[in-house]
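Q: I want to go through the pockets in this protein. Can you pull up the model?

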Amino acid sequence: MGRHWLLVLALFGWLAGVFRASGATTGADAIVLVNSASAKYLDFQRLIEPYLDNFGVPYTVLDIATNVSTANLTNYALVIIGHKQLDTNHVYLDATAQANISRAVSNGVGLVNFDNDLSIGAVARYQFVQDIFGFTYGATTSGANATFPPTEPSSQMHYITALHPTNQTISLRTSMSLAGITMPTNVTGVLLSSGHPLLAVRKVGLGRAVQWTSCDWIPTDVLGPQEGLDDTLWRSLVWAARKPFVMRGMPNIVTFRVDDCEGPFWWAQMAIDAGFKPFLPVFLGNINQANTADLRRMVTNGNATTSIHSFSASTMFYFNHQTETSYSDSAISNNFYIGTRWHVTNGIPISKVVQTHYSEIGPNAFAGLSQWGVEFIPIEVVPGTVEYGSNPALWLMAGPYRNYETPGQGQSTLPLFYADFLTIPGHPEMAGKFFNCYTEIRDAGECGEWCPNNGDVATVIARGTDMLKRSLDSLALPTLFTHEWYIHPTSCCGSTTIPSNNWRAILSGITNNLASYKPNYVTLDYGNQYFRATRTSRITSSQFDSSSGEVSVSVSGYADLDTSVKVFVGSDSEISNYVGTIGAFTNPVTVTAATVSMPPEISSQPASRTNHAGTTAEFSVGANGTTLSFWWLKDAAALSQATNPTLVLPGVTLSDTGAYSVIVSNDYGALTSSAANLSVVAPLVINSIRVSNGVASVSWNAIPGNNYSLQNNGGIDQTNWSDPGPALQATGSVLTATNSISGSTQRFYRVFLTP
């Protein structure tokens with residue numbers, strides 16, 4: 001064998017740590033998983049979507065029947081399973097897709113699961129549900145109520161149920177079906193039904209998850225909206241979501257409406273003094289000049305609004321109740337002439353809201369309303385139909401909650417909330433012109449409204465508080481509603497006057513009870529206009545930049561006034577929210593809703609490592625927060641100019657051995673990472689080359705677990721190095737590779753670290 005010239009070269013490389021960089025942009029919105037091939041797909045449209053839209057949750061719908069990818073769930077703050085029987089046969093949600101859901105939640109994404117078909121007998125349908133909750137299963141059960149146990153330390157309520165008194169019970173009209181689950185000890189039932197879990201929650205890794213065991217309470221034949229559970233639905237979304245999380249929500253505005261008004265108006269002035277801005281629809285034929293003058297003063301001072309309610313209790317202005325038909329065109333025109341003269345002669349501006357007597361109005365009345373500048377018609381029956389009569393009309397089918405249910409009788413004791421554009425039969429030209437925003441909590445008392453009286457003042461206060469609180473908590477338009485003849489006798493009805501001292505006590509009692517909401521008492525005109533803006537516009541998405549703290553929202557549609565948006569931060573009982581403003585707009589726009597003060601949060605810790613002497617060592621930390629600063633420490637002593645998320649130590653020696661940590665800080669706090677140890681071993685050099693039978697055995701210093709590549713070429717001046725084989729992983733402190741050198745007169749080797 002000829003003599004071989006062997007040149008030994010050692011090249012040094014490094015493997016960078018993987019970390020989530022500070023300043024990453026993540027979603028502050030939700031993704032909803034649905035399955036258009038499921039038999040229960042329409043449950044999302046009928047039950048869940050109306051709530052999401054009313055609450056103003058920005059969400060994207062992912063139909064797994066057409067796009068099963070769940071790989072990007074971490075781009076969202078919240079995953080919502082939108083309906084029952086999402087994929088019972090696993091046609092679309094295979095093991096990988098389900099693992100992605102589990103992993104996303106463990107990494108901090110929230111989950112709210114409305115699919116309660118969780119098992120076949122005792123066998124779980126979904127692995128991701130088991131990963132997250134670990135339920136065991138039995139037969140489907142039923143519940144006849146909803147109860148609110150204290151589940152937190154010191155007998156406190158969970159965030160989701162915190163708006164309810166301890167151990168409150170809400171009775172259902174009929175029983176509902178519940179998933180037959182048994183919760184492990186690390187899952188909490190924050191809402192129960194007949195002793196069974198209705199709403200179960202768990203913290204999983206960095207995430208939070210919510211399981212609803214039934215949505216049967218949502219239809220009105222079981223319970224329905226405005227009955228005390230709406231707040232637990234939106235608060236379950238907020239609690240689970242990774243923060244910050246955006247939801248439009250509603251500002252705490254409060255309105256006051258008193259029908260059948262004719263005066264005297266001493267009580268209205270006292271309501272104004274208490275902070276209210278009452279809407280006072282009048283009986284045109286019953287109001288005298290003195291009371292008209294008093295009404296004009298309140299309205300022109302901006303403290304109240306008014307429009308014509310009816311001529312009297314028996315003679316309608318907008319509809320002929322006696323014949324149960326619309327007035328003739330000439331008769332309705334004459335009515336509007338009389339009404340216009342009354343407003344003009346007395347200098348009383350016409351409210352943009354007209355509340356008709358008995359909610360009855362003929363379709364031919366809307367042209368006159370349009371000329372008056374009226375934009376809002378609170379109504380619960382179709383125009384041209386009769387609410388009180390021989391054949392009473394069914395309730396109006398409209399959003400948000402009455403689009404899909406079989407309608408009941410319009411005049412019922414069920415709470416109602418409309419916020420939708422009104423369709424005028426026979427008048428397509430009126431489409432989109434009149435908005436119906438209407439709230440009545442009709443089951444607050446046996447009378448079907450607030451009905452204040454001079455009996456038990458405390459009961460009257462409680463009833464009025466309940467009406468407003470339920471609407472505030474449900475994110476509907478809160479309206480304290482009654483008739484004037486409950487306050488004092490009128491030409492229509494009533495027999496007792498509430499003394500002024502009691503009336504004042506009633507009003508102050510209600511406002512005191514609502515003080516924690518910090519309500520803004522507004523006119524019904526403003527309340528209607530605000531809710532209309534929430535229907536003509538939609539928050540389509542939201543992003544959070546953790547470096548700047550900016551939360552941006554993208555909105556579509558249009559809004560004719562400024563609207564607000566809530567940006568939720570914090571966790572558990574410490575959840576709070578910023579309030580951002582979206583200015584009036586006519587075209588889609590993206591705005592900064594809030595700049596969130598995010599304290600530092602370490603998402604990935606520095607990792608210990610062993611380096612060859614002379615190589616570059618790197619330590620990295622993953623962190624989130626607003627405008628972060630970094631300062632690296634060695635053995636708890638600060639390193640000079642080490643102020644980046646990654647610490648780079650070039651050409652390490654034995655003197656660099658030690659424990660490295662980093663302080664991550666901003667204006668809102670500071671955290672110190674865990675320590676990562678650096679060990680330095682012998683340099684990466686080739687120790688020996690042995691040649692035998694045309695094979696070179698090359699040995700070098702190694703670090704167990706590291707990968708190395710050996711390359712060679714035939715001349716020192718050549719640049720085309722070849723790999724004699726795949727990368728090798730070291731299991732000890734020395735690694736040896738072999739290479740055939742048959743036919744070569746010289747061979748040069750180099751070795752380096754590889755990922």
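Q: What volume does the second largest pocket have?
A: The volume of that second largest pocket is about 660 Å³. Keep in mind that this is a predicted model.

Q: How many residues line the second largest pocket, and which lie nearest its centre?
A: There are 26 lining residues. W234, N252, Y517, K566 and N577 lie nearest the centre.

Q: Which elements give two or more residues to that lining?
A: Two helices from later on are α9 (457-474) and α11 (524-536), and α4 is on the list too. The strands are β26 (563-569) and β27 (576-582).

Q: Which one has the largest share?
A: That is β26, with 4 residues of the lining of the second largest pocket.

Q: And by class, what is in the lining of the second largest pocket?
A: It has 14 nonpolar, 8 polar and 4 charged residues.

Q: OK, switching. What's the volume of the largest pocket?
A: About 800 Å³.

Q: Which lining residues are the closest to its centre?
A: L206, R242, K243, M598 and E601. The largest pocket is lined by 30 residues.

Q: Which elements each supply at least two residues there?
A: β15 (207-212), α4 (230-240) and β29 (601-604) do so for the largest pocket. You met α4 in the lining of the second largest pocket as well.

Q: Which gives the most to the largest pocket?
A: β29 does, with 4 residues.

Q: How do the residues of that lining divide?
A: Into 12 nonpolar, 13 polar and 5 charged for the largest pocket.

Methods:
Residues are numbered from 1 along each chain as its sequence is written. This is a predicted model: local features need pLDDT of at least 70, side-chain atom pairs count only at pLDDT 80 or more; totals for chains, interfaces and linings use all residues. Side-chain values use heavy atoms; hydrogens and water are left out. On a 1 Å grid over the protein atoms alone, a cavity is a set of points where a 1.4 Å probe fits but cannot get out, and a pocket is an open set with protein on both sides within 12 Å along at least five of seven lines; lining residues have an atom within 4 Å of a point. Grid points are joined across faces, edges and corners, and a volume is the space filled by probe spheres set on the points. Ala, Val, Leu, Ile, Met, Phe, Trp, Tyr, Cys and Pro count as nonpolar, Asp, Glu, Lys and Arg as charged, and the others, Gly among them, as polar.
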